[in-house]
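Pull the model up in your viewer and keep the sequence beside it. We'll walk through it one stop at a time.

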Amino acid sequence: MIIKNNKLLLSALICSFFCGQASAIESKLWQQFKYAKSVNKEAALPDFSYAGYQYSEAPIPDTSSWTVFDVTKYGAIPNDKKYDDVAIQSAINAAQKAGGGIVLFPAGRFMVSPNETVGENIFITTSNIVIKGQGSGDTGTEIFMDKMKVDNGRYIFEVKALANKRKTVTTVITDALRETFKIEVKSTKKLSVGQRIVLKTDSVEMAKDYFAPLVLDKKWTRIHEKGFRLQEIHTIDKIEGNTVYLREPLHISLKVNKDPIKVQPHTMINHVGFEDILFKGNWNNYPEDFEHHKNKTHDYAWNAIRIDNLENGWIRNVQFKDWNQGVFI
């Protein structure tokens, strides 16, 4: 017993010594980041502290008072071994027509994907929709995708804003350094505070500048032919003359050249969530061991949720089992 206690004491002393040392050491990159932020200089690390629901400045909303659209009222029946795609989409459509709500799944298994037809998926296209079950555990709600739909980029649940045909309204006219918050544009007539915009360009010259002093290998044909493909989404915080102040920092330096850096309004939907559900795929019943990139079936057969052009959304208290891909955001 004395030997064991001595071992424990020695372990505690070693842990205390090394843990104390580890906690006292900060990486040089982090030190440079803190210094650069304090003196308004360029930090080597990108600042992603603006990510998260409402910039991580507000909690996910309380939806307890939202109108409930129970999928069983639209024809879905748990545990009946029949497919519920039509009923689920009908409940979502009703919630969307009403301006939003909780699409509620009681406990039990709901089956989706009655066929392998790509495109016959379940869609959410407006704001304020929450897909909610009764828990992701054994006694909760399970949404089971039976048959595969093999295609890159397609998922059984797809969230996307429909009206998002971007048009260029102005261009950036001066260089701007990464991790700064303002751009100079040709005109601000079609811009407004709070508006979402995309900074977009396809530039071979920007690619050369970005990777310099490294030289791009000729095998990188897409970059040599089409250039650096920039698409940064931002929110306009303030406008003064032709200066546009951004809510989030630029993550790539902008250098004006013959390829215009376009400014395009960007439509997004808000407040879509997935809660308290077990999403179950069927890969475990496929008669092969998984091998990444072996073929399309191995990469894309069972894909759960895809989210495009959504801000302030969330996934919480959710499990994913036996999928090729769980969530694409």
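Lys-28 counts as exposed, because its relative accessibility is 72% and the cut-off for that label is over 50%. Keep in mind as you look around that this is a predicted model. You'll find Lys-28 in helix α2, which covers residues 28-38. Now jump along the chain to Lys-258: the two lysines are 230 residues apart in sequence, and their C-alpha atoms sit 37 Å apart in space.

Lys-258 is another exposed residue, with a relative accessible area of 65%. Its side chain meets that of Asp-259 in a salt bridge, with 3.6 Å from N to O. What about the partner, buried or exposed? Asp-259 comes out as buried, because its relative accessibility is 17% and the line for buried is drawn at under 20%. So this salt bridge has an exposed lysine at one end and a buried aspartate at the other.

That pair is one entry in a longer list, since a search of the whole structure turns up 21 salt bridges. The background is simple enough: oppositely charged side chains can pair when their charged atoms come close. Take Glu-158 and Arg-154, whose side chains meet at 2.8 Å, N to O. Glu-158 is buried, at 5% relative accessible area, whereas Arg-154 is partly exposed, at 24%.

Next, have a look at Glu-248 and Arg-196. They form a salt bridge too, and their closest N and O atoms are 3.7 Å apart. This pair ties together distant parts of the chain: Glu-248 sits in the loop between β12 (243-246) and β13 (262-265), Arg-196 belongs to strand β10 (residues 196-203), and 52 residues separate them. Both Glu-248 and Arg-196 are buried.

Now for the strands. A good place to begin is β15, residues 272-280. How many of its residues are buried? Nine of its nine, so you can think of β15 as a mostly covered strand. On one pairing, four bridges join β15 to β5, and the two run parallel. Within that pairing, Ile-129 has Val-272 as its bridge partner, and Ile-131 has Phe-274. Strand β5 (residues 129-132) in turn pairs with β2 (residues 101-104), again in parallel and again through four bridges. There, Leu-104 stands opposite Lys-132.

β15 has other pairings to check. Strand β6 (residues 141-145) runs parallel to β15 and pairs with it over three bridges, with Ile-143 opposite Phe-279. Then there is β18, also parallel, which is joined to β15 by seven bridges. In that pairing, Glu-275 stands opposite Arg-316. These two residues turn up again in a network of salt bridges that links Lys-132, Glu-275, Asp-276 and Arg-316. As general background, side chains in a regular strand alternate between the two faces of the sheet.

Stay with β18 (residues 314-321) for a moment and find Ile-315 in it. Ile-315 is partly exposed, because its relative accessibility of 32% falls between the buried and exposed cut-offs of 20% and 50%. Together with Phe-320, Val-327 and Ile-329, Ile-315 forms a nonpolar patch on the surface, and the four share about 340 Å² of accessible area.

For a contrast in setting, go to Thr-170 in strand β8 (residues 170-171). Thr-170 is buried, with a relative accessible area of 5%. Which backbone nitrogens does its side chain reach? One belongs to Lys-186, at 3.4 Å, and another to Ser-187, where a polar atom of the threonine side chain lies 3.0 Å away. Beyond residues up to four places away in sequence, Thr-170 touches several others, including Val-185, Leu-191, Ile-261 and Val-263.

Our last stop is Lys-182, in strand β9 (residues 182-184). Lys-182 is partly exposed, with a relative accessible area of 43%. Leaving aside neighbours within four places in sequence, Lys-182 is in contact with Ala-176, Thr-243, Val-244, Tyr-245 and Leu-250. Asp-237 is 55 residues from Lys-182 in sequence, and the C-alpha atoms of the two are 9.5 Å apart.

Technical notes. Residues are numbered from 1 along each chain as its sequence is written. This is a predicted model: local features need pLDDT of at least 70, side-chain atom pairs count only at pLDDT 80 or more; totals for chains, interfaces and linings use all residues. Side-chain values use heavy atoms; hydrogens and water are left out. Patches are made of residues with over 30% relative accessible area and no salt bridge: like charges are joined within 9 Å, nonpolar side chains (Val, Leu, Ile, Met, Phe, Trp, Tyr) within 5 Å. Accessible areas come from the Shrake-Rupley method with a 1.4 Å probe; for residues, only the protein chains shown count as cover. Buried means under 20% relative accessible area, exposed over 50%, partly exposed in between (1.4 Å probe, protein chains only). A polar contact is a pair of N or O atoms within 3.5 Å; within protein, one must be able to donate a hydrogen and the other to accept it, and residues adjacent in sequence count only if both atoms are side-chain atoms. Contact means heavy atoms within 4.5 Å. Two strands pair if DSSP finds at least two bridges between them.
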